[in-house]
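This report introduces one chain of a structure and two of its elements. Please look over the sequence and the model before reading on.

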Amino acid sequence: MSHAEQHSDPNLADAVPGYERHAGEEFSEGLGSYLIGLGLATLLTIVSFFIARTTLVWQPSIPVALAVLAIAQMGVHLVFFLHITTGPDNVNNVMALAFGVLIVFLVVVGSLWIMAHMNQNMMPMDQIMQMQR
Amino acid sequence: MSAFQGTAGDSGPDRLGHGGTAPGRLHGAEHAVGELMAKRIVVGYGFWIFLLSDIIMFSAFFASYAVLVGQTAGGPSGRDLFDLRNTGIETACLLLSSFTCGIASIGAQAHRGSWFYGAMAITFILGAGFIGLEAREFAGLAAQGAGPTRSAFLSAFFTLVGCHGLHVSGGLLWLLTMVAQVFAKGYRADILRRILCFSLFWHALDIIWVALFSMVYLMGAAA
């Protein structure tokens, strides 16, 4: 299969993040995607700020709710602003993203986990001070 | 086997991506389009990999902040310091600028100058407003004795938020150079690729800010 054949049908070619295929011809179509993204992101942001200060919900649930809302909003940004979708032309982008998410998860959760254990096993500060005398 | 070799030899330059220069070729025009798409894909994909590595760098700062958030050394905690109204305005600035940056990139792809220049101008104003608010917040914190040297919590806070602020400042400089390049050179294919990379960068900064205002400001004020 030659190079020219590979790209003779633009619908089968790979897509890049941030590039929407119809933008050249259909200006309004690209605009619609950004408008949906802006609406959803605004909604999620307002809910986040409301949840953070409200006394209506059980207080320990607030950090979990904030984390869920933040992840949802990042998803909105990825789909509507960066145009990372689950389409067959986006496999490379999604695989790279999945690897990035894995590393981020390992770094953040691993650090928290290890440091929490070290904190727990550490001698209280006043006892350390006494040993140094 | 020999037929395959013959074809391969014939389209050898095509495979390397230089065959499109011959005008008499059957796939000449199609190939030029394919080559253009291919370059755009390579550039966009490479920049996407860079953005992911940048996000991984930020994850290290996030991890250190999460570990050190309780280590206030008797000093003020996030609850005493954070002003959610200011954070809300900053968030609105950055979200709207991400939107207008998207408008600018589709405006550039459609070769519509008024959309591109107008949206880029609004993006710059909103981004500069964000930086201004953040600088004012940092100056206020330093003035009340809560600078980065006060506690491990504040060191981690200034590193994380300041690093994001530096990225936004760099993005503003990049925005100005993109406007200048379009003004001087027009909507050439290579300029459009740079605009694509710039808009990806700007959207990625907004994604990092989402994690930042949720984890640092909102959780810090709620906890």
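The text below goes from the chain as a whole to two of its helices.

The model is predicted. Chain B holds eight helices and zero strands, so that its elements, read from the N terminus, run α-α-α-α-α-α-α-α. Of its 223 residues, 39% count as buried. Among contacts in chain B between residues at least 6 apart in sequence, 75% join residues at least 24 apart.

The table sets out two helices of chain B.

| Helix | Residues in helix | End-to-end C-alpha distance | Expected span |
|---|---|---|---|
| α5(B) | 26 residues | 37 Å | 38 Å |
| α6(B) | 31 residues | 44 Å | 45 Å |

For α5(B), the 26 residues should span 38 Å at 1.5 Å a residue, and the 37 Å between its end C-alpha atoms therefore agrees with that value. This helix is mostly covered, with 20 of its 26 residues buried. After α5(B) comes B:H111, which has a positive phi near 60 degrees.

Helix α6(B) takes in residues 113-143. Its 44 Å reach, from first C-alpha to last, is close to the expected 45 Å. The buried residues of α6(B) are B:F116, B:A119, B:M120, B:T123, B:L126, B:G127, B:F130, B:E134 and B:L141. An α-helix has 3.6 residues a turn, so residues three or four places apart point the same way. The cover over the buried residues of α6(B) includes α4 (78-81), α5 (84-109) and α7 (152-185) of chain B. B:G145 follows α6(B) and has a positive phi, near 75 degrees.

Technical notes. Residues are numbered from 1 along each chain as its sequence is written. Chains are lettered from A and ligands numbered from 1 in the order in which they are written. This is a predicted model: local features need pLDDT of at least 70, side-chain atom pairs count only at pLDDT 80 or more; totals for chains, interfaces and linings use all residues. Helices (H or I, at least four residues) and strands (E, at least two) are DSSP runs, numbered from the N terminus. The expected span of a helix is 1.5 Å times one less than its number of residues. A residue is buried if 20 or more other C-beta atoms lie within 10 Å of its own, exposed if 12 or fewer, and partly exposed in between; C-beta atoms are placed from the backbone. Two residues are in contact if their C-beta atoms, placed from the backbone, lie within 7 Å.
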